[in-house]
Structures are given as structure tokens and as C-alpha cells.
Amino acid sequence: MTPASPETSTPTVAIGAIKVTSLFDGWLSLDGGAMFGVVPKTLWEKKIAADALNRIRMSTRPLLVRTPQGPVVIEAGVGQSITGKLVQVYGIDRPGLSLDEQVGAQGVNPDEVRHVVLTHLHFDHAGGCCKLVDDKYVPCFPNATYHVQEAEWDKMMAGGGMQRASYVKPSLEPLRSQLKLHAGSGPVVHGIRYDLTRGHTQNHAVVWIEDGEHNGCFMGDLIETSAHVPMPWISAYDFCAGESFKARERLYPEFARRKTLLFIYHDPSLAALRLLRDGEKWEFEKVS
Ligand SMILES: [Zn+2]
């Protein structure tokens, strides 16, 4: 059990009439070298310290998005998708609440959640869509539509491939009857839309939250932590780093121009930031 601390808090910010709460599903630890790709350790360890196994500890922060049309959840945390020896391997350390309980703790009835939106289906992002009841995975939100990129779903269901260790199929299969499959960028529900970036997976998509000129964007694994803001600081876990770089080249100027609030899923100490341009470099300011 992780003790309460500012790092595990659940801050809420407003995007116009939409209220966005960063939930906290717990910690996982992944190899620091892999998380920073071609960036040498002498540079990245100044920003995030590695443990004795050269791993860095990262949060998982799904979003509860309260829109005038009802509550929407973006991303799902690790949940109970990882069991046995792998809990140690990945350094999984969860407070223990399932995603529906986390939503309930914010004063929202989980039965009212009608939409769950996922950037991709890796276990640390989608593992909490279902919870274990009598050793069987069941969807956390029985009345929700789960939004997924169609090609990402097909990839996960087919199994195999370079990223096969990142998908836990039994924890996702029960969503089958509640799925809405999307083909690339486009609206999801009022105020929320997919923007296909590719890169991290072949069909990774970030999620815009918009109310008039107010806007935010959930980064998924396009910017994993604030240390990943510099454009070439791209994880070796990415299926195609070149596509991630292209997506950043396209989106960073738009984020700066529109003063977009960026929700960062894996940062150990912040939940949201804004990008700032400093000449040729990109910096950030912490928002919450
Ligand atoms: Zn991922």
C-alpha cells in the first residue's frame, strides 16, 4: 500500500465547463534505459533517478472527465491485469481500488459512466478496464461504451508481434460486447476527439478535450513524463520512434499556440503541464 502523498493526489482542473480529475492507479517501474531510447543515462538520470535495477518509477494517472453530457473516463491504469511474478518485475504498487471505485471516490456513480476512451491497449493503460470478480475479468463500467482504435484492438486480439508482452488479452476480451472501434482521428463524444499519432504503437492516438477555446489533450505515451518533453527524448518501447517524432513536430506548435493543457500519465510528480517554446528548445510549466 502506497502512503498518501502529494504525488498520489488527484488534482482537478477546468477546461471551460468540463472538469478533469487526474486519478491515481499506482506505480510501475520500467527500465530507465528503455524509457529514454537513444538518450544516454548521464543525461536522463539528472531528471529521474534510477533504482538499483536501473528502473525508473512512474505513476499511472487515468482521467475522470466531467462533461455537461456526463462523466467520461480516459485510460484505465494497470488495474488487476498483472499478477504473480510480473508484479515484482514491473514494480507494480497500487493503492488497491478498482477503476470504478476510484471514480466512486470522486462522487460519481460508476453506473453513470457511459464512455471510456483508450489511447492504446498496453496493460499499463488498459489493464484496469476490467476487474477480477470470482477470478473472472468483468468490465468496471457495465453501462459504458469502450472506445478503441480498431487496428489496435485487432493487433491485441491477434497476439504475437514485437510488443506482445505489453498486451494482456484476458483482461480485455470481456469488453468485446461494449466496444466502439474507431478508424483513426475523429470525434468520440461531444467535446472529446481522437488524434492519431502512431509511433508508440502502430495505432496510438492522443485524446483532445475541448470546450470552445479552452482545450486539453491526454498524451497517452506520446509524452510519458515531463522528462520526455524534449522532442528527441523518445522511448525505445515505441514501435516506431520516427512516427512519434513526426507527431511531436506536428502537435507541439499547436499545443503552444492553443495553450493546451497536457495531461501526463506517467510522471512521478505532476499530472498536467503546458509546453513553452524556448528558441529551438521545448520547455514546460507545471500546471497541477
Ligand atoms: Zn504503452
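The legends below go with a set of close-up views of one predicted model.

**View 1. The whole chain, before we zoom in.**
Let's start with the full picture. The chain's secondary structure adds up to seven helices and 18 strands. Measured out along the principal axes, its C-alpha atoms fill a box of roughly 50 × 45 × 40 Å. How does the radius of gyration fit with a compact globule? For 288 residues, such a globule would come out near 19 Å, and the chain has 17 Å, so the two agree. Of the 288 residues, 46% count as buried. Take the contacts in the chain with a separation of 6 or more: 66% of them are between residues 24 or more positions apart.

**View 2. A seven-strand open sheet that begins with β1.**
Follow the strands across and you get the order β1-β2-β5-β6-β7-β10-β11, in an open sheet with mixed pairing. Which strands stand at the edges? They are β1 and β11 (179–182), and each has a single partner strand, so one side of each is left without a neighbour in the sheet. From one strand to the next, the twist averages 25 degrees. Helix α6 (residues 150–158) packs on this sheet, where it touches β10 (145–149) and β11. The direction of α6 makes about 90 degrees with that of β10.

**View 3. The hairpin of β1 and β2.**
Now zoom in on the β1 end of that sheet. Strand β1 (residues 12–15) runs antiparallel to β2, and four bridges join the pair. One pairing to look for is T12, whose bridge partner in β2 is T21. Two residues sit between the strands of this hairpin. In the turn you'll find G16, which has a positive phi of about 60 degrees.

**View 4. Strand β2 and its other neighbour, β5.**
Is strand β2 (residues 18–22) mostly covered or mostly exposed? Mostly covered: four of its five residues are buried. Besides pairing with β1, β2 is joined to strand β5 (residues 63–67) by four bridges, again running antiparallel. Two spots are handy for finding your way. V20 stands opposite V65 in β5, and T21 has L64 as its bridge partner there. As a reminder when you look at any of these strands, side chains in a regular strand alternate between the two faces of the sheet.

**View 5. K41, out in the open.**
K41 has its place in helix α2 (residues 41–44). Why does K41 count as exposed? K41 has 12 C-beta neighbours inside 10 Å, and a residue is exposed if that number is 12 or fewer. Setting aside residues up to four places away in sequence, K41 touches G32 and G33. You can also look for N54, which is 13 residues from K41 along the chain; their C-alpha atoms are separated by 9.7 Å.

**View 6. The largest nonpolar core.**
How many residues does the largest nonpolar core have? It has 75, and those with the most contacts inside it are V116, V207, M219, L262 and I264. Strand β14 (residues 205–211) gives the most to this core, with five residues. V207 makes a good place to stop and look around. Leaving out neighbours within four places in sequence, V207 is in contact with I74, V117, T119, I192, Y194, C217 and F218. In soluble globular proteins, nonpolar side chains tend to be buried together.

**View 7. The other seven-strand sheet, from β12 to β18.**
Here the order is β12-β13-β14-β15-β16-β17-β18, in an open sheet with mixed pairing. Its edge strands, β12 (186–189) and β18 (281–286), each pair on one side only. Neighbouring strands are turned by 35 degrees against each other on average, direction ignored. Helix α7 (residues 241–257) packs on the sheet and touches β15, β16, β17 (272–278) and β18. The direction of α7 makes about 100 degrees with that of β17.

**View 8. Two strand pairs from that sheet.**
Are β15 (residues 214–218) and β16 (residues 261–263) parallel or antiparallel? They pair in the parallel sense, over three bridges. C217 has L262 as its bridge partner in β16. For contrast, β12 and strand β13 (residues 192–196) pair in the antiparallel sense, also over three bridges. Here P187 has R193 in β13 as its bridge partner. The hairpin of β12 and β13 has two residues between the strands, and G191 takes a positive phi near 85 degrees.

Technical notes: Residues numbered from 1 in each chain as written. Predicted model: local features only at pLDDT ≥ 70, side-chain atom pairs only at ≥ 80, totals over all residues. Buried ≥ 20, exposed ≤ 12 C-beta atoms within 10 Å, placed from the backbone. Pairing = 2+ DSSP bridges. Axes fitted to C-alpha atoms, helices over the stretch in contact; angles between N-to-C directions. Contact = placed C-beta atoms within 7 Å. Rg over C-alpha atoms; globule rule 2.2 N^0.38 Å. Core = buried A, V, L, I, M, F, W, Y, C linked by C-beta atoms within 7 Å.
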